[in-house]
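User: Could you walk me through this model, one step at a time? I am new to reading structures, so plain sentences would help.

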Amino acid sequence: MWAYFKFEFFQFFSNKKNIAIYVILLFFSCYYALKIAPTYIPIEKVDVNEIEARYLTREEFLNNVEINEGTHHLTRFAATIFPEWNEYDKERLDSIEQHNLKEYAEATYKWYAYSDEMIFRYGGGFLFYNPGYYTYGNNYATMDGHYAYLYSASRYEGYSEGTSNLSVKVFEERTALQTLQRLLHAYLPLILIVSCILFTVDIVLKDRQNPTLLQGLPLSDWRRLIVKGGVSLLGSILAILPLSVGLLIIGARNGFGDFDLPVPIYFLGEFSNITIGKYLIQNMLFIVFWFVFIISLLLFVSVTIKNEFANLLVGCVFVIAEFIYFARGVAVVWNVQWYPTSYVQVGQIISGYRNYLYGTEALTFGNGLYVMGLCACIFLFFTFLISNRRKFKLL
Amino acid sequence: MIELKNIGVQFSGRDILKDVSVMFNPGEIIGLVAPNGTGKSTLMNVIMNYINPNNGKVILNHELEYTNKKNEVKIHQLVSMMPDQSDLYNQISGKEHLKIYSSMWNSNRKLIESTIKELGMKSYIKKNTGTYSLGMRQRLCFAMQIVSDTQVMLMDEVMNGLDPTHVELISQILVKKKSEGKTVIVASHLLENLEKYADRIFFMKNGELILVNAVSPGFDEREITTVRVTDLTDKIKEKFSKEFPERNVRTLSNGVTLIDVREYDSGRLGKVVEFLKENQIKEFSIGKEALTDLYSMYYQER
Amino acid sequence: MHMWKILKTCFILEKSNKKNIFACIIVAVFVFGLVLFVKTEDLGNTIKEKSGEYQSLSSALSKFQNVDATDSGNGSDLYKNLVLQRHYVSKQSMAIKMDKPEMYLDTAILLVNLRADSFDMEGFQNVASYLPSKIENQLDSVFYQYMKKTGISLSMNSLSYFQFLAYLIGVLGSVWFIFMSIYSSGVMIEDFQHSSLIKGYPITFDKYVVAKCISLMLIVGVFLLELFIFSLPLVYFKGLGNPSYPIAIFIDGTSEVYPIYKYLGLSLLYMISISIFTILLSVIFNVLLKNMYLTLFLELLLYIFPILFPSMISLIPFNPFNYLNFPNLLNGQMFELTNSVDLNSTHGLIYIGISIAIMVVAVKLFLTTGKLKKV
């Protein structure tokens with residue numbers, strides 16, 4: 001079995017297709033690090049001018065406003081909420097001028113918490129979040145802003161309480177680890193899963209080209225499939241290597257950040273922080289579960305349909321299926337937590353963002369592992385049954 | 001009629017074919033016999049133009065040469081090579097393979113049914129080839145070429161994996177094709193079988209084609225030239241040499257001893273037989289040397 | 001005659017190829033999925049769209065201090081413009097609710113003109129992201145004026161059958177090249193595994209390739225047919241709709257109005273050209289690279305190359321890969337990416353056509369069956 005593993009492993013890495021995948025991943029990670037990452041402009045950036053402009057306008061308003069019986073109720077409202085708001089802005093300005101980042105973090109945390117409270121609860125129709133959310137055609141700008149402000153509040157709270165080295169790069173989530181975190185929140189899981197599909201798509205069927213060589217091996221079909229799956233899993237995990245090159249480039253330019261930086265996790269309407277190290281480990285684990293799921297799925301398809309193109313399509317369907325049924329708040333109607341496809345955005349599942357979008361609490365890390373694991377087991381079980389049928393031929 | 005003119009092929013500095021010139025005529029079965037790796041397949045590939053020879057040319061019917069793609073198509077219309085059995089499409093049936101070949105070469109459709117019948121493939125011809133055994137696949141490949149019905153047929157290892165009955169069956173079909181005026185070029189290791197139907201047999205060595213007659217004059221003569229003894233100990237051999245000192249006795253590496261009995265009349269031949277019988281030799285034959293012997297002689301003599 | 005016998009061979013092989021069945025299933029699933037998506041998202045529902053627009057305008061206005069927006073007031077021109085826009089949008093919403101398409105249309109024309117003015121106003125860049133782009137507005141303008149002129153009744157409900165087809169082809173069209181390259185990436189590789197058969201065929205390689213293309217194109221025809229057939233459930237849900245309902249598109253640098261059937265025709269023409277282009281490209285890459293996945297990766301890289309390096313588009317405008325995402329070309333998004341009017345949709349078809357011709361010639365000149373190697 002070990003010898004066969006080595007044999008398959010060697011085959012895997014001498015396969016032109018697999019080498020090409022690694023090269024392409026390397027290209028993309030470099031392209032991202034060199035061309036895309038530097039142009040990243042966060043909506044919630046550290047912008048002294050913006051804070052100052054807002055602070056001065058409001059200060060002027062507070063200095064000049066006269067409250068009497070004829071005052072418009074909105075003016076009255078503004079006059080009551082602006083003093084505290086401005087206090088935080090003032091602190092932010094002062095601390096950033098003195099380069100006291102810890103204090104800035106604390107003031108910013110309070111600012112975001114207070115802002116969200118005001119805008120979300122009281123400000124419907126006249127107070128707005130950062131204009132960055134209100135793009136043309138975005139019907140959920142307020143919801144996006146709400147999430148982002150609470151997220152930022154929690155994040156800055158973490159910075160102010162933690163022991164990590166702070167910098168503007170950290171605040172704007174530009175360090176290598178934070179970039180990785182952002183990517184996990186976006187397309188990185190999809191890229192890894194698609195790579196896994198491409199790695200696995202021919203792992204069984206490639207033997208068709210020289211069947212006699214392998215038919216006689218003293219190893220049952222089932223064991224061979226397992227070894228193949230194992231090699232593919234290992235290969236998929238190794239796809240992280242070329243991707244980490246990009247990470248090193250970003251790290252060299254923007255610093256690496258450290259593993260204790262906070263990552264806000266949304267659950268039941270509230271945010272709590274975990275460290276980025278924990279977040280990454282959870283992601284890794286989840287992605288490995290995805291790999292296992294995809295591999296067992298493709299092994300199953302390989303032994304039933306025996307067609308590479310079918311493998312490719314079935315794999316892709318599982319990746320893109322969520323786009324078809326995804327809609328905000330749709331979890332009320334459908335129990336999305338029972339579909340493995342709902343967990344494809346791994347980073348968003350772990351950070352709770354997917355829950356927020358769907359309007360549910362059920363899309364959790366634990367549920368995800370449970371569903372993915374169960375499905376993988378079912379696929380493997382059927383593969384086992386099929387590969388043990390007497391008439392079954394692997395090739 | 002197909003003619004090879006001064007064909008030379010070199011792979012990485014080594015001569016695979018060296019200045020080969022030969023003519024294959026209609027109504028002739030040519031046997032190619034040589035150990036593996038001496039250039040049989042290369043020769044066939046050159047005839048099909050799958051390999052460009054370093055020099056020389058292939059001429060079909062005095063006029064066609066591989067000078068351009070158009071001619072290549074014309075030649076392929078007349079010259080075919082048996083497909084490899086590993087190249088069969090597993091997901092379609094044997095019959096569909098035959099249909100493909102029939103329509104590609106635009107041959108008589110009736111050939112499909114008759115070939116199926118002749119080769120006894122009726123019971124499985126409608127099944128996907130993925131389910132075929134080695135021999136079934138080999139027969140299908142052969143049938144495909146027969147269905148293509150080209151003037152020249154190249155067959156590499158045609159008898160591979162076939163049982164004796166089918167070897168016999170295919171031999172008969174080859175003879176039939178010959179009588180239809182086809183040129184059939186067969187490479188085979190079944191020497192006894194080849195000997196039976198081939199009109200000319202060539203050995204290949206050092207990139208050259210050598211007619212068997214040139215190796216052993218009188219190979220194709222119809223007279224008794226040799227007594228073949230399968231098991232002759234050195235002791236008896238010595239004894240024999242003393243008794244018949246003028247006779248040429250050779251022991252080959254395949255264990256066969258050949259006693260040259262050319263120009264012997266039946267009386268002297270009887271003496272030889274008597275001697276052998278007296279010395280408890282049970283297996284011997286009188287006639288001429290077998291192809292196997294020539295093969296051993298030619299390739300294994302050091 | 002020659003062609004026919006090769007075609008027969010190709011049919012026998014394609015008929016037994018599971019890949020085709022799967023591709024057909026996938027196309028069907030895609031269409032069904034999109035039908036479902038359109039139903040759940042309620043696409044084309046004007047009420048929803050207008051409420052989004054209203055919000056965007058509100059937030060654009062929040063960038064300004066609340067000031068007097070009357071003509072004689074002291075607000076900036078842009079501010080006044082935006083206030084008026086918001087007013088028109090809410091008027092449109094009212095018109096929908098009260099089912100007055102006439103009023104909706106008139107207001108729409110006013111709104112479009114108002115927007116056209118706003119693009120050149122001072123400070124527009126600050127609010128640009130809240131408003132439709134210049135090209136989108138241009139398309140809207142042409143559309144509404146056409147509606148006014150012809151008096152076709154405005155569709156304000158969700159997409160009906162023909163409108164859905166236009167939408168479907170827009171979505172599918174932008175991934176059509178990707179689909180086709182996945183589908184065709186192994187076109188020759190499958191044959192290379194049977195080289196000893198193919199090498200000996202008494203036909204030239206280019207004829208074989210052409211036959212292969214024809215048989216694949218017939219299957220592509222089946223895919224395209226599927227689009228029309230599997231969208232039929234929408235007829236039941238939302239009605240057939242009007243096949244000559246107008247669509248505003250960007251043709252040759254100007255915005256024009258096409259009836260849906262004409263738009264569908266143009267799109268199908270594009271899809272068919274792209275299919276042939278992709279198949280030939282796969283043939284050539286297959287022969288050169290002898291690997292299905294390398295072919296696929298190379299094709300996809302070539303496809304995203306202009307997107308990764310947009311400056312290359314104006315540098316090599318004749319690169320057919322610029323034009324493969326034709327829905328973006330027709331709805332003007334490509335112009336926003338490149339900021340140039342070089343990408344002309346008719347030229348696109350011509351460039352793709354020329355590429356096809358070049359590839360056919362290349363296949364004819366450089367590739368032969370005889371030298372195929374088994375992979």
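**Chain C and its partners**

Analyst: In chain C, 78% of the contacts with a separation of 6 or more are between residues 24 or more positions apart. Please keep in mind throughout that this is a predicted model.

User: Okay, and what is the secondary structure of chain C?

Analyst: Chain C comes to 18 helices and 2 strands. Its C-alpha trace spans about 85 × 50 × 30 Å when it is followed along the principal axes.

User: How much of chain C counts as buried?

Analyst: Chain C has 375 residues, and 40% of them count as buried.

User: Switching to the whole assembly, which chains share the most contacts?

Analyst: There are 2 pairs of chains in contact, and of these the pair with the most contacts is chains A and C. Chain C brings 26 residues to that contact, while chain A brings 22 residues.

User: Which elements of chain C are on that side?

Analyst: On the side of chain C that touches chain A, the elements that give two or more residues are α2 (18-41), α3 (46-61) and α14 (292-308) of chain C. The most comes from α2(C), with 9 residues. If you sort the residues of this side of chain C by type, you get 12 nonpolar, 10 polar and 4 charged.

User: And what about chains B and C, how many residues are in contact there?

Analyst: In that pair, 23 residues of chain B are in contact with 18 residues of chain C. On the side of chain B that touches chain C, two or more residues each are given by α2 (69-78), β6 (79-81) and α3 (94-104) of chain B. The residues on this side of chain B divide into 10 nonpolar, 7 polar and 6 charged.

User: How far apart are the nearest C-alpha atoms of chain A and chain B?

Analyst: Their nearest C-alpha atoms are 9 Å apart, and chain A and chain B do not touch.

User: You listed β6 for chain B. What is the order of the strands in the sheet it belongs to?

Analyst: In chain B, 6 strands form an open sheet with mixed pairing, and their order is β6-β7-β8-β3-β9-β10. The edge strands are β6 and β10 (208-211) of chain B, each of which pairs on one side only. On average, neighbouring strands of this sheet are turned by 20° against each other, with direction ignored.

User: What holds strands together in a sheet, generally speaking?

Analyst: Strands of a sheet pair through backbone hydrogen bonds, and the pairing can be either parallel or antiparallel.

User: So do β3 and β8 of chain B run parallel or antiparallel?

Analyst: Strand β3 (residues 28-33) and strand β8 (residues 183-187) of chain B run parallel, and 5 bridges join them. To find one place along this pair in the 3D view, look for Ile29(B), which stands opposite Val184(B) in β8(B).

User: New topic: how is chain B divided into domains?

Analyst: Chain B is divided into domain 1 (2-90 + 147-215) and domain 2 (226-300), and the C-alpha centres of these two domains of chain B lie 34 Å apart. Where they meet, 10 residues of domain 1 of chain B are in contact with 7 residues of domain 2 of chain B. The domain 1 side of this contact in chain B gets two or more residues each from α7 (191-197), β9 (200-205) and α8 (212-215) of chain B. The largest share, 4 residues, comes from α7(B). This domain 1 side in chain B has 8 nonpolar, no polar and 2 charged residues.

User: Which domains does chain A have?

Analyst: The assignment for chain A gives domain 1 (2-40 + 175-387) and domain 2 (48-171). Taken over C-alpha atoms, 38 Å separate the centres of these domains of chain A. There are 13 residues of domain 1 of chain A in contact with 15 residues of domain 2 of chain A. On the domain 1 side, the elements of chain A that give two or more residues are β1 (262-267) and β2 (270-275).

User: Last one: where does UniProt place the "transmembrane region" feature in chain A?

Analyst: The unreviewed UniProt entry places "transmembrane region" at residues 20-37, 184-205, 225-251, 287-305, 312-334 and 368-386 of chain A. In the model, residues 225-251 of chain A are 96% helix and 0% strand, with the end C-alpha atoms 39 Å apart. Residues 368-386 of chain A are 100% helix and 0% strand, and there the end C-alpha atoms are 27 Å apart.

How values were computed: Residues are numbered from 1 along each chain as its sequence is written. Chains are lettered from A and ligands numbered from 1 in the order in which they are written. This is a predicted model: local features need pLDDT of at least 70, side-chain atom pairs count only at pLDDT 80 or more; totals for chains, interfaces and linings use all residues. A residue is buried if 20 or more other C-beta atoms lie within 10 Å of its own, exposed if 12 or fewer, and partly exposed in between; C-beta atoms are placed from the backbone. Ala, Val, Leu, Ile, Met, Phe, Trp, Tyr, Cys and Pro count as nonpolar, Asp, Glu, Lys and Arg as charged, and the others, Gly among them, as polar. UniProt positions are given in the numbering used here, feature names are shortened, and annotations may be inferred rather than shown by experiment. Two strands pair if DSSP finds at least two bridges between them. Axes are lines fitted to C-alpha atoms, for helices over the stretch in contact, and angles run from 0 to 180 degrees between N-to-C directions. Domain bounds come from an automatic or database domain assignment.
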